[in-house]
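The following note sets out points for a colleague who is examining this model. Each point may be checked directly against the coordinates.

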Amino acid sequence: MRVNCSSSSACTANSSEGELPVGLEVHGNLELVFTVVSAVMMGLLMFSLGCSVEFRKLWAHIRRPWGIAVGLLCQFGLMPLTAYLLAISFSLKPAQAIAVLVMGCCPGGTISNIFTFWVEGDMDLSITMTTCSTVAALGMMPLCLYLYTLSWNLEQNLTIPYQNIGITLVCLTIPVAFGIYVNYRWPKQSKIILQIGAIVGGVLLLVVAVAGVVLAKGSWNSDITLLTISFIFPLIGHVTGFLLALLTHQSWQRCRTISLETGAQNIQMCVTMLQLSFTAKQLVQMLSFPLAYGLFQLLDGFLIVAAPDTQDWGLASCCTRVR
């Protein structure tokens, strides 16, 4: 397989097709909804969450990036490997295997930031990890895809959505920077903005979930194997991310943060990359996976938030705070 590093929004594989099949019209509507909602959600959400970030703590993470390093190892080490092993273990069709692998190679999504806030995790680390993983994706996505597809002998080009990555970075860093500034200048007001943003973020997450279920109802005719993988994949990410953070003696807050960051992938980036790289006929077999993954990672996040804090049971004593 060859990895095409083009940032163009067009792809020869797709341009050779005429009208999209009926099933993909649903995906087109879904993509539009996800794009608009996620843009609004990312801007408002990251601004409000930026109000919880203190520059001093943020700089401390950058100066001693142990938590960031563990998170990046989970993001571009554990997740691509897990995707590859799942594709091999379940003997997926080539198109489905690629969809799973692309998802595993994507950077973390901003959905992890709101869940981290709700579980009282390390917000400074969460936002830093999301930003760093998105930047690292510029090089790590093509590298991981190249390495894990060497043994598959596939000829299909994969187009890395650099434009999408750039937009994600802008939508992430600028609102957060404004939020940090507001927190510095008006700390009391920033707490109010943070609470409002958390509520708005929760409502928007529910909107995305409902839109995904309603508009993608025609996509759930995929085989049970792919749905099973979309269910267990984020769970594996959460568990392995937590365990690796635990083994590296991260604090309890950082363990939960890294767990959420690992399992939560950038769904829109995965969908964009698949659409740039494959024909309409191939997409019919592929797009149900990232949509299902996105819904299951939402469900997992809500379950993690609702679960009782095991720190109260004394399990947090296993974690040694890294200063």
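**Notes on the predicted model**

1. S91 counts as exposed, since its relative accessibility is 62% and the cut-off for that class is over 50%. S91 belongs to the loop between α4 and α5. Although S91 is not a glycine, its phi is positive, at about 50°. As background, most residues other than glycine have a negative phi. The structure discussed here is a predicted model, and the backbone angle at S91 should be read as part of that prediction.

2. A second residue other than glycine with a positive phi is H249, where the angle is near 60°. H249 is found in the loop between α10 and α11, the latter helix comprising residues 252-263. With a relative accessibility of 45%, H249 counts as partly exposed, because that class lies between the 20% and 50% limits.

3. Is helix α11 enclosed by the rest of the structure or open to its surroundings? Eleven of its twelve residues are buried, so α11 is largely enclosed by the rest of the structure. The buried residues of α11 include the charged residues R254, R256 and E261, as well as W252, C255, I258 and L260. T257, S259, T262 and G263 are also buried in α11. The length of the helix agrees with expectation: at 1.5 Å a residue, the twelve residues of α11 should span 16 Å, and the end C-alpha atoms are 17 Å apart.

4. Helix α14 covers residues 288-306. At 1.5 Å a residue, its 19 residues should span 27 Å, and the end C-alpha atoms are indeed 27 Å apart, which agrees. Among the buried residues of α14 are F289, P290, L291, Y293 and L298. Q297, D300 and G301 of α14 are buried as well.

5. The largest nonpolar core has 41 residues. Those with the most contacts inside this core are V100, L101, V102, L145, F233, L274 and F289. Helices α4, α5, α7, α10, α12, α13 and α14 each supply at least two residues of the core. Of the contributions to this core, that of α5 is the most, with nine residues. F289 thus appears both among the residues with the most contacts in the core and among the buried residues of α14.

6. How many cavities of 30 Å³ or more does the model contain? The count comes to two. The second largest cavity holds about 40 Å³ of space. Its lining is formed by I111, S112, F115, H238, L260, A264, Q297 and G301. Helices α6 and α14 each supply at least two of these lining residues, and α6 gives the most, with three. By class, the lining has four nonpolar, four polar and no charged residues. L260, one of the lining residues, is also one of the buried residues of α11, while Q297 and G301 of the lining are buried in α14.

7. I111, which lines the second largest cavity, lies in helix α6. At 10% relative accessibility, I111 counts as buried. I111 and Q265 are 154 residues apart in sequence, yet their C-alpha atoms are 8.3 Å apart in space.

8. Two further residue pairs are separated in sequence. L194, in helix α9 (residues 187-215), is buried, with a relative accessible area of 10%. L194 and S52 are 142 residues apart in sequence, with a C-alpha to C-alpha distance of 6.8 Å. I180, in helix α8 (residues 162-185), counts as buried at 14% relative accessibility. I180 and F47 are 133 residues apart in sequence and 8.2 Å apart in space, C-alpha to C-alpha.

9. The unreviewed UniProt entry places the feature "transmembrane region" at residues 32-55, 67-92, 98-118, 125-148, 160-184, 196-218 and 224-247. How do two of these ranges appear in the model? Over residues 67-92 the chain is 88% helix and 0% strand, with the end C-alpha atoms 34 Å apart. Over residues 160-184 the corresponding values are 92% helix and 0% strand, with the end C-alpha atoms 37 Å apart.

Conventions:
Residues numbered from 1 in each chain as written. Predicted model: local features only at pLDDT ≥ 70, side-chain atom pairs only at ≥ 80, totals over all residues. Heavy atoms only, no water. Helix = DSSP H or I, 4+ residues; strand = E, 2+ residues; numbered from the N terminus. Expected span 1.5 Å × (residues − 1). Buried < 20%, exposed > 50% of the residue type's maximum accessible area, 1.4 Å probe, protein only. 1 Å grid on protein atoms, 1.4 Å probe; cavity = no way out; pocket = protein on both sides within 12 Å on 5 of 7 lines; lining within 4 Å. Points joined across faces, edges and corners; volume = space filled by probe spheres on them. UniProt positions renumbered as here; feature names shortened; annotations may be inferred. Core = buried A, V, L, I, M, F, W, Y, C linked by side-chain atoms within 4.5 Å.
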